[in-house]
Amino acid sequence: MAVAPQMNRPMPAIASIRASVLAPLVEQIDRRSGKTDLLLASHGILRSQLDDPYAMIPMARYVAIFEEAALIASEPSLGARLGTLFKPSDIGPIGVLFSISGTIRAGFERLAKYVNTVQSATSSGVFEEDGNLVWSYRLEDARMWPRRQDSEFSVVASCQLVRSCFAKSWKPLEVHFEHLAPRDRSVLERIFRCPLKFGESANRIIVDGRDAARLYRQEDPALSAVLERHVAELVGKAITPDNISERVRALIGIYLGHKPITLPSVAAELRISVRTLQRRLAEEGTSLRDLVRETREAIAATQLEAHVQKARIAEVLGYADSTVLWRAQKGWSRRQD
């Protein structure tokens with residue numbers, strides 16, 4: 001999740017993020033070594049480019065720089081620590097909207113709705129599971145890997161938003177990460193104070209349903225309306241996917257392994273008919289089944305490379321067991337042949 005004090009320029013078509021997010025990273029590397037300019041240059045970025053708060057940088061470069069910065073700083077949990085410093089104002093009017101929301105649910109719904117005004121090619125959504133609220137965050141391009149630092153920064157920053165805007169002592173029911181468990185979990189355990197799960201299909205915060213629905217304040221309707229209108233203008237400037245397949249991929253990334261992904265459920269989310277969904281996907285040369293398979297295949301490839309047990313991979317991908325996963329893999333191999 002990017003730190004973006006001002007967001008007036010439209011998002012470019014390439015997956016990008018506001019350059020201002022690199023400011024705290026640059027500060028950390030400046031403090032610990034003299035390698036900042038070398039680090040930036042190795043990824044095709046000059047320090048002078050960061051002077052413009054409106055500048056955009058490719059998301060892939062941001063992710064790679066964040067990972068390398070943690071290595072240079074000799075701090076594996078750098079992203080998580082920076083997330084604890086996050087403030088509502090760091091994401092401009094979206095953060096203000098979060099801070100004036102009457103409930104935690106409303107805050108996360110707004111965060112998910114408007115995340116693409118801050119960074120593109122990001123899947124973020126809210127859904128119900130077992131009476132609890134689930135907020136999900138995931139970069140859509142599976143090739144951007146590893147990305148532990150961005151994931152931990154974004155999830156910790158979101159948790160920090162709740163604590164600064166609603167209750168300092170609040171803690172989630174569970175927190176999920178898509179990367180594998182680090183050797184030392186102590187920093188994350190100290191921050192979240194709840195069970196942690198790793199190797200999931202997306203990064204998620206599970207909020208107790210009672211906490212999510214509790215009314216913390218009465219919203220000022222006039223102020224909310226002004227902010228919503230302003231953010232809506234930013235949404236209009238942000239480039240959203242024109243093709244239906246990209247919107248469906250985003251939903252798959254949010255729900256995979258946690259909510260049934262069917263033609264009726266996806267069509268309902270997109271507010272179109274099942275027939276229209278099928279027709280538009282066919283026009284783009286794909287189908288819901290193909291998109292689910294592609295997402296599963298990409299996640300499975302990452303986890304298999306990391307030697308995750310197949311039973312665990314099957315669970316994350318929403319398969320009944322490892323045998324079903326094995327059959328699916330055979331199908332993937334036949335398609336490649």
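This section describes the aromatic pairs, nonpolar cores, cysteines and a central strand pairing of a predicted model.

Aromatic contacts were considered first. A pair of aromatic rings is described by the distance of the centres and the angle of the planes. Across the whole structure, the search returns 11 aromatic pairs. One of these joins Phe-127 and Tyr-255 in an edge-to-face arrangement, with 5.2 Å between the centres and 75 degrees between the planes. Because Phe-127 belongs to strand β3 (residues 122–129) and Tyr-255 to helix α11 (residues 244–255), this pair ties together parts that are 128 residues apart in sequence. Both partners are shielded from solvent: Phe-127 is buried at 4% relative accessibility, and Tyr-255 is buried with a relative accessible area of 8%. The ring of Tyr-255 also has a charged neighbour, since the charged end of Lys-259 sits over this ring at 4.5 Å from its centre.

Ring pairs further link Phe-98, Phe-108, Trp-135, Tyr-137, Phe-166 and Tyr-216 into a cluster. A charge is placed over one member of this cluster: the charged end of Arg-217 sits over the ring of Phe-166, 5.0 Å from the ring centre.

The nonpolar interior was examined next. The largest nonpolar core comprises 65 residues, and Leu-22, Tyr-62, Phe-108 and Phe-192 have the most contacts inside it. Helix α7 (residues 148–165) gives the most to this core, contributing eight residues. With residues up to four places away in sequence left out of the count, Phe-108 touches Phe-98, Val-126, Leu-133, Trp-135, Ser-158, Val-162, Ile-205 and Val-207. Apart from the largest core lies another, of 17 residues, which includes Phe-127, Val-248, Leu-251 and Val-292. Phe-127 thus takes part in this second core as well as in the edge-to-face pair with Tyr-255.

Two of the residues touched by Phe-108, Ile-205 and Val-207, lie on one side of strand β7, together with Asn-203. Strand β7 (residues 203–207) is mostly covered, five of its five residues being buried. In a regular strand the side chains alternate between the two faces of the sheet. In β7 both faces are covered: Arg-204 and Ile-206 on the other side are buried, as are Asn-203, Ile-205 and Val-207. Strand β4 (residues 132–139) pairs with β7 in the antiparallel sense over five bridges, and within this pairing Trp-135 stands opposite Ile-205. Strand β5 (residues 174–176) also runs antiparallel to β7, to which three bridges join it; here Val-175 has Ile-205 as its bridge partner. Ile-205 is therefore a bridge partner of Val-175 and stands opposite Trp-135, a member of the aromatic cluster.

Cysteine pairing was also assessed. A disulfide is a covalent bond between the sulfur atoms of two cysteines. The structure holds zero disulfides. The closest cysteine sulfur to that of Cys-159 belongs to Cys-194 and lies 7.5 Å away, which is too far for a bond, given a cut-off of 2.5 Å. Cys-194 likewise is in no disulfide. Both cysteines count as buried, Cys-159 at 1% relative accessibility and Cys-194 at 13%.

Finally, Glu-294 is located in helix α14 (residues 288–305). With 32% relative accessibility, Glu-294 counts as partly exposed. Glu-294 and Arg-249 are separated by 45 residues in sequence, while their C-alpha atoms are 9.2 Å apart in space.

Terms used: Residues numbered from 1 in each chain as written. Predicted model: local features only at pLDDT ≥ 70, side-chain atom pairs only at ≥ 80, totals over all residues. Heavy atoms only, no water. Phe/Tyr/Trp six-rings, centres within 6.5 Å; stacked < 30°, edge-to-face > 60°. Helix = DSSP H or I, 4+ residues; strand = E, 2+ residues; numbered from the N terminus. Buried < 20%, exposed > 50% of the residue type's maximum accessible area, 1.4 Å probe, protein only. Lys NZ or Arg CZ within 6 Å of the ring centre and 35° of its normal. Core = buried A, V, L, I, M, F, W, Y, C linked by side-chain atoms within 4.5 Å. Contact = heavy atoms within 4.5 Å. Pairing = 2+ DSSP bridges.
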